[in-house]
Amino acid sequence: MQRNVAMSFFNRRLLSQPKRAQEVVRRVVEPCDVFLNHRSMDTKKTVATLMYDHLKRHGFNPFLDNKTMKPGDKLFDKINRAVMECKIGVAVLSPRYTESYFCLHELALLLGCNKKVIPIFCDVKPSQLRLVNNPKWSQDELRRFRWALEEVKYTVGLTFNSSKGNLSEIVNSASDIIVGTMIELKNEERTQRKNLAIPL
């Protein structure tokens, strides 16, 4: 009920706003459908941002921390909600990925919520991904992170070598996979709804 009231309010406000403001309001209201999990220092200025921009142009509502979050947002609340709402996660795994608490937290949450995760191994092979033994992380966190890394290592993904590869090719390939996966998920939802609608 509250969500409907809020949506009605935003829709009324949306119609009275200039086009740029409408886009901002729509982004705040709509849940994300693709969560981009990445290590900022490795891939923010390359694969992650290009992927975000490409998906936006194709009508998706991706989540990328520096593009989606705004001052005043609570970090874990915003990230956790985006993971829960998304349909697909894209994990851009890079050489320093496993040093980041946030990368590992997001990956473990995506996998723990049974989200479809598409790995992009960027300048790293799956066998090179090793959990850093950070003393600040609890045993439970280390266990979750280790499990998530093992899961993603054995998930078919894309590989990208920045010294030889073409960024637009990897972004296009990943986008094609995302579009195909979204179509599959929509078809599965329709089938489930039809099965629920059949009286026994």
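**Close-up 1. Strands E1 and E3 pair in the parallel sense.** This is a predicted model. E1 spans residues 34–38 and is joined to E3 over 5 bridges. One pair of positions gives the register: Val34 stands opposite Ile88 in E3.

**Close-up 2. E3 also runs parallel to strand E4.** E4 covers residues 116–122, and 6 bridges join it to E3. Ile88 has Lys116 as its bridge partner in E4. Between the two strands the chain passes through helix H6, residues 101–112. This β-α-β crossover from E3 to E4 is right-handed.

**Close-up 3. E3 is mostly covered.** Of its 6 residues, 6 are buried. Ile88, Val90 and Val92 point one way from the strand. Gly89, Ala91 and Leu93 point the other way. Both sets are buried.

**Close-up 4. A salt bridge links Lys87 and Glu189.** The N to O distance is 3.4 Å. The two residues lie in distant parts of the chain, 102 residues apart. Lys87 sits in the loop between helix H5 (75–85) and strand E3 (88–93). Glu189 belongs to helix H8, residues 167–197. How accessible is Lys87? Its relative accessibility is 34%, so Lys87 counts as partly exposed. Glu189 is at 25% relative accessibility and also counts as partly exposed.

**Close-up 5. Asp73 and Lys78 form a salt bridge.** Their closest N and O atoms are 3.7 Å apart. That falls within the 4 Å cut-off for a salt bridge. Is Lys78 buried or exposed? Lys78 has a relative accessible area of 16%, so this residue is buried. Asp73, at 25% relative accessibility, counts as partly exposed.

**Close-up 6. Asp140 and Arg143 form a salt bridge within helix H7.** The closest N and O atoms of the pair are 2.4 Å apart. H7 runs over residues 139–153. The partners are 3 residues apart in this helix, so about one helical turn separates them. Asp140 has 42% relative accessibility and counts as partly exposed.

**Close-up 7. Lys70, Asp73 and Lys78 belong to one network.** Salt bridges that share partners join these residues. The contact between Lys78 and Asp73, with closest N and O atoms 3.7 Å apart, is the one shown in the fifth view. For the model as a whole, the count comes to 7 salt bridges. Among them are Lys87 with Glu189 and Asp140 with Arg143.

How values were computed: Residues numbered from 1 in each chain as written. Predicted model: local features only at pLDDT ≥ 70, side-chain atom pairs only at ≥ 80, totals over all residues. Heavy atoms only, no water. Salt bridge = Lys/Arg side-chain N within 4 Å of Asp/Glu carboxyl O. Buried < 20%, exposed > 50% of the residue type's maximum accessible area, 1.4 Å probe, protein only. Helix = DSSP H or I, 4+ residues; strand = E, 2+ residues; numbered from the N terminus. Pairing = 2+ DSSP bridges. Right-handed = clockwise from strand over helix to strand, strands pointing away.
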